Amino acid sequence: MSNGSTDAGTERLFAVDPLSRPAVAAVGLVALFVTALATAQVTAAKVLALSLPVALPVVGPQILLPGAALAYAVTFFASDCLAELYGRRTAQVVVNVGFAMNFVVLALVWSTLAAPGVDPEVAEAFGIALGPTTNVVAGSLLAYVVSQNVDVVLFHAIRDRTGVDHLWLRNLASTATSQAIDTVIFVSVAFLVAPTLLGVGNALPLGAVGALIAGQYLLKLLIAVLDTPFVYLVVGAVRE
């Protein structure tokens, strides 16, 4: 099925039957994408340290990554399902509208942080937990808009060459590539470029930046492999 016919089919979904399986799946996948994206924004401030059974070269004995890593990985799962079922244009609209919604989430969080609280201690703890730092915000926004669009474009570039077969290939190749781009941009901007050029946040040594990139990408690649059966499950269920 060509991109044009897929997108045309998307436009007819709700006109024909808003309770049909494809229509409900479209709403569910968009909702999943937005939910995961909003969750990623409010959990990014926490840094996770996952211990490894053995120390890896460059990475070391543990993987350091933002708390948003799992939520953000879910957005790639949702966008790949959308791209496969409803076409490139639909997936790109969702991705780029989602980018705009990032600013809505930030505005709502920052306005809540700025408002006076009844209990100063609770307000302070709330600010520490949810107050995103400028360097993290800059890194995450830039990484998001670049990597998500690359994911959709690459997914359909592979689909154009393979047809409807080899869903596993386009899911893995597009996600693995876009997640690599996302990781390099986010870590570099948040922990090196923004602190060095803009004076926001703490700049890390190059070795530490490399370790963060390698560790985060290994985990994201594992998630990409694990989510492939679920992509098949969703796509198969909608197309039945």
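**Helix packing, a pocket and a cavity**

In this predicted model, α7 and α8 run roughly antiparallel to each other, which follows from their crossing angle and therefore sets the opening picture. The two axes come within 8 Å and cross at roughly 150°; since angles over 145 degrees count as roughly antiparallel, the label fits this pair. The crossing of α7 and α8 is right-handed. Sorted by class, the residues in the contact of α7 with α8 come out as 21 nonpolar, seven polar and three charged.

A second pair, α2 and α6, is also worth a look. Here the axes come within 12 Å, with a crossing at roughly 155°, so α2 and α6 are roughly antiparallel to each other too. Their crossing is right-handed. On the α2 side, the contact is made by F33, L37 and Q41, and on the α6 side by S140, L141, Y144 and Q148. Four of the residues in this contact are nonpolar and three are polar, with no charged ones.

Helix α6 also packs against α3. The axes of α3 and α6 come within 10 Å and cross at roughly 35°, and this crossing is right-handed. From α3, the contact takes in Y72, T75, F76, S79, D80, A83 and E84. From α6, it takes in A143, Y144, S147, Q148, D151, F155, H156 and R159. By class, that makes six nonpolar, five polar and four charged residues for the contact of α3 with α6. Y144 and Q148 of α6 turn up here as well as in the contact with α2.

Turning to the empty spaces, the structure holds one cavity of 30 Å³ or more. About 250 Å³ of space lies in this largest cavity. It is lined by 19 residues, and the closest to its centre are A40, A68, Y72, S140 and F186. Elements giving two or more residues to the cavity lining are α2 (21-43), α3 (69-86), α6, α7 and α8. The largest share, five residues, comes from α6. In terms of class, the cavity lining has 13 nonpolar, four polar and two charged residues. Two of the residues closest to the cavity centre also have a part in the helix contacts: Y72 belongs to the contact of α3 with α6, and S140 to the contact of α2 with α6.

Then there is the largest pocket, which holds about 310 Å³ of space. Its lining is made up of 19 residues, and A44, A45, V47, V136 and F191 lie nearest the centre. Two or more residues of the pocket lining come from each of β2 (60-66), α6 (134-162), α7 (167-198) and α8 (206-239). For the pocket, the largest share of the lining comes from β2, which gives three residues. The lining of the pocket divides into 13 nonpolar and six polar residues, with no charged ones, whereas two charged residues are found in the lining of the cavity.

Helices α6, α7 and α8 appear on both lists, giving two or more residues to the lining of the pocket and to that of the cavity. For α6, this comes on top of the contacts with α2 and α3; for α7 and α8, it comes on top of their right-handed crossing.

Key
Residues numbered from 1 in each chain as written. Predicted model: local features only at pLDDT ≥ 70, side-chain atom pairs only at ≥ 80, totals over all residues. Heavy atoms only, no water. 1 Å grid on protein atoms, 1.4 Å probe; cavity = no way out; pocket = protein on both sides within 12 Å on 5 of 7 lines; lining within 4 Å. Points joined across faces, edges and corners; volume = space filled by probe spheres on them. Helix = DSSP H or I, 4+ residues; strand = E, 2+ residues; numbered from the N terminus. Nonpolar A, V, L, I, M, F, W, Y, C, P; charged D, E, K, R; others polar. Axes fitted to C-alpha atoms, helices over the stretch in contact; angles between N-to-C directions. Parallel < 35°, antiparallel > 145°, perpendicular 65-115°, else oblique. Left-handed = near helix turned anticlockwise from the far one by under 90°. Contact = heavy atoms within 4.5 Å.
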